[in-house]
Amino acid sequence: MAGSSEKQVVVIGIDDSEQSTYALKWTLDHFFPSPIFKLVLVHSRPTATSAVGLAGPGAAEILPIVDSDLRKIAARVVDSARQLCIDKSVDDVTAEVVEGDPRNVLCDAVEKYHAAVLVVGSHGYGAIKRAVLGSVSDYCAHHAHCTVMIVKKPKIKH
């Protein structure tokens, strides 16, 4: 840290999931407003080709539509997250949308912002689904060069 008055960065991975929203709310409730932390919200947006998974004939027509939809979703995710911050009187917030795999996007954001903490939500996948899809939180816990906090939404007991 250059100076003691410089705020440390907390990066929060955001998407359109309930778990992401819960992780953001939880972090805002427990750490903000803060005299020592500034907040960076990062949304990873898939590329149109990766979202559709097609190439060749017909791809040229559908890709701009998919890309437009992905941009709208990203804008909605960021707007919603910004509104949660405003509601909690947190105004030292930077938000960005980065195209790519969320695992890489979040680890890159940690480096870019020299983050002290990375916060991610937990989707609570079982072992098989996690093995097939790969866990963003697990990857970040092993590869991000900062403390990683995985916020889990409590299970409702019946």
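Helices (H or I, at least four residues) and strands (E, at least two) are DSSP runs, numbered from the N terminus. This is a predicted model, in which local features need pLDDT of at least 70 and side-chain atom pairs count only at pLDDT 80 or more, while totals for chains, interfaces and linings use all residues. Residues are numbered from 1 along each chain as its sequence is written, and side-chain values use heavy atoms, with hydrogens and water left out.

**Exercise 1. Lay out the fold of the protein chain.**

Step 1: Count the elements. The protein chain has six helices and five strands.

Step 2: Put them in order. Along the sequence the pattern reads β-α-β-α-α-β-α-β-α-α-β.

Step 3: Look at the contacts, where contact means heavy atoms within 4.5 Å. Of the contacts in the protein chain with a separation of 6 or more, 78% join residues 24 or more positions apart.

**Exercise 2. Work out how the protein chain divides between inside and surface.**

Step 1: Set the classes. Buried means under 20% relative accessible area, exposed over 50%, and partly exposed in between (1.4 Å probe, protein chains only).

Step 2: Apply them. Of the 158 residues in the protein chain, 37% are buried.

Step 3: Turn to the area, which comes from the Shrake-Rupley method with a 1.4 Å probe; for residues, only the protein chains shown count as cover. The protein chain exposes about 9500 Å², and carbon and sulfur atoms supply 55% of that area.

**Exercise 3. Find the backbone features in three loops.**

Step 1: Begin with P33, in the loop between α1 (18-31) and β2 (37-45). The peptide bond from F32 to P33 is cis, with omega near -10°.

Step 2: Move on to S89, in the loop between α3 (59-87) and β3 (93-99). Its phi is near 60°, a positive value in a residue other than glycine. S89 is exposed, at 55% relative accessible area.

Step 3: Finish with H114, in the loop between α4 (102-113) and β4 (117-121). Phi of H114 is near 50°, again positive in a residue other than glycine. H114 is exposed, with a relative accessible area of 67%.

**Exercise 4. Describe the surroundings of S17.**

Step 1: Locate S17. This residue sits in the loop between β1 (8-14) and α1.

Step 2: Classify S17. Its relative accessibility is 12%, so S17 counts as buried.

Step 3: Check its side chain. A polar contact is a pair of N or O atoms within 3.5 Å; within protein, one must be able to donate a hydrogen and the other to accept it, and residues adjacent in sequence count only if both atoms are side-chain atoms. The side chains of S17 and D15 make such a contact at 2.6 Å.

Step 4: Look across the sequence. S17 and G121 are 104 residues apart along the chain, and their C-alpha atoms are separated by 8.9 Å.
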